[in-house]
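Trainee: I would like a close look at one part of this protein, with its aromatic side chains as the subject. Please set that part in the context of the whole chain.

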Amino acid sequence: VTLWEVPEVTTLDVTQRFYGQWLSKGLNRASALRRAQLELLQASREGVLEYAVGQGADSQVIRATRHPWWWAAMVLSGDPGDLPIYELSPKSEEPR
């Protein structure tokens, strides 16, 4: 969920970083989002966040800055902890 409207490319970037932290590194969702936002903040400090938006004559480059408007809009909704993992029983096909 975002608290304010941000460019889609920024939302995509934070989301990809979030899933990378959550699924690859095994962090809970709150920690994964925090790390994703910190990665985005660090990249903006280094001046490497430029997003190409549009096509052809309408294309433009958006350069993200350290301002929280770019990286702080996304928040978690619901339980921020770990998701339970259910295994299906071969006989009953119900979660154990």
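Mentor: The account below goes from the whole chain to its nonpolar core, then to the aromatic residues, and ends at the surface.

The model is predicted. Its protein chain contains three helices and two strands, arranged along the sequence as α-α-β-β-α. Of the 96 residues, 29% count as buried. Where contacts link residues at least 6 apart in sequence, 52% of them join residues at least 24 apart. The chain exposes about 7,000 Å², and carbon and sulfur atoms supply 52% of that area.

The largest nonpolar core has twelve residues: Val14, Phe18, Trp22, Leu27, Ala32, Leu33, Ala36, Leu40, Leu41, Trp70, Trp71 and Met74. Helices α1 (8-25), α2 (29-45) and α3 (68-71) are the elements that each give two or more residues to this core. Of these, α2 gives the most, with five residues. As a general background, nonpolar side chains in soluble globular proteins tend to be buried together.

The aromatic part can now be examined closely. A search of the whole structure finds three aromatic pairs. One of them joins tyrosine 19 and tryptophan 22, with 5.7 Å from centre to centre and 50° between the planes. This pair is classed as tilted, because the angle falls neither under 30 degrees, the limit for stacked, nor over 60, the limit for edge-to-face. The two residues are three apart in helix α1, so about one helical turn separates them.

The partners differ in their exposure class. Tryptophan 22 has a relative accessible area of 18% and is buried, because the cut-off for that class is under 20%. Tyrosine 19, at 40% relative accessibility, counts as partly exposed, because its value lies between the limits of 20% and 50%. Tryptophan 22 is also listed in the largest nonpolar core. Phe18, another member of that core, joins Tyr19 and Trp22 in one aromatic cluster.

For the surface, a further group deserves attention. Leu3, Trp4 and Trp69 form a nonpolar patch there, with about 290 Å² of accessible area together. Leucine 3 lies in the segment before α1. Its relative accessible area is 56%, and leucine 3 is therefore exposed.

In summary, the tilted pair of tyrosine 19 and tryptophan 22 brings together a partly exposed residue, tyrosine 19, and a buried one, tryptophan 22.

Conventions:
Residues are numbered from 1 along each chain as its sequence is written. This is a predicted model: local features need pLDDT of at least 70, side-chain atom pairs count only at pLDDT 80 or more; totals for chains, interfaces and linings use all residues. Side-chain values use heavy atoms; hydrogens and water are left out. Helices (H or I, at least four residues) and strands (E, at least two) are DSSP runs, numbered from the N terminus. Buried means under 20% relative accessible area, exposed over 50%, partly exposed in between (1.4 Å probe, protein chains only). Contact means heavy atoms within 4.5 Å. Accessible areas come from the Shrake-Rupley method with a 1.4 Å probe; for residues, only the protein chains shown count as cover. A nonpolar core is a set of buried Ala, Val, Leu, Ile, Met, Phe, Trp, Tyr and Cys residues joined through side-chain atoms within 4.5 Å. Patches are made of residues with over 30% relative accessible area and no salt bridge: like charges are joined within 9 Å, nonpolar side chains (Val, Leu, Ile, Met, Phe, Trp, Tyr) within 5 Å. A salt bridge is a side-chain nitrogen of Lys or Arg within 4 Å of a carboxyl oxygen of Asp or Glu. Rings of Phe, Tyr and Trp (its six-membered ring) pair if their centres lie within 6.5 Å; planes under 30 degrees apart count as stacked, over 60 as edge-to-face and the rest as tilted.
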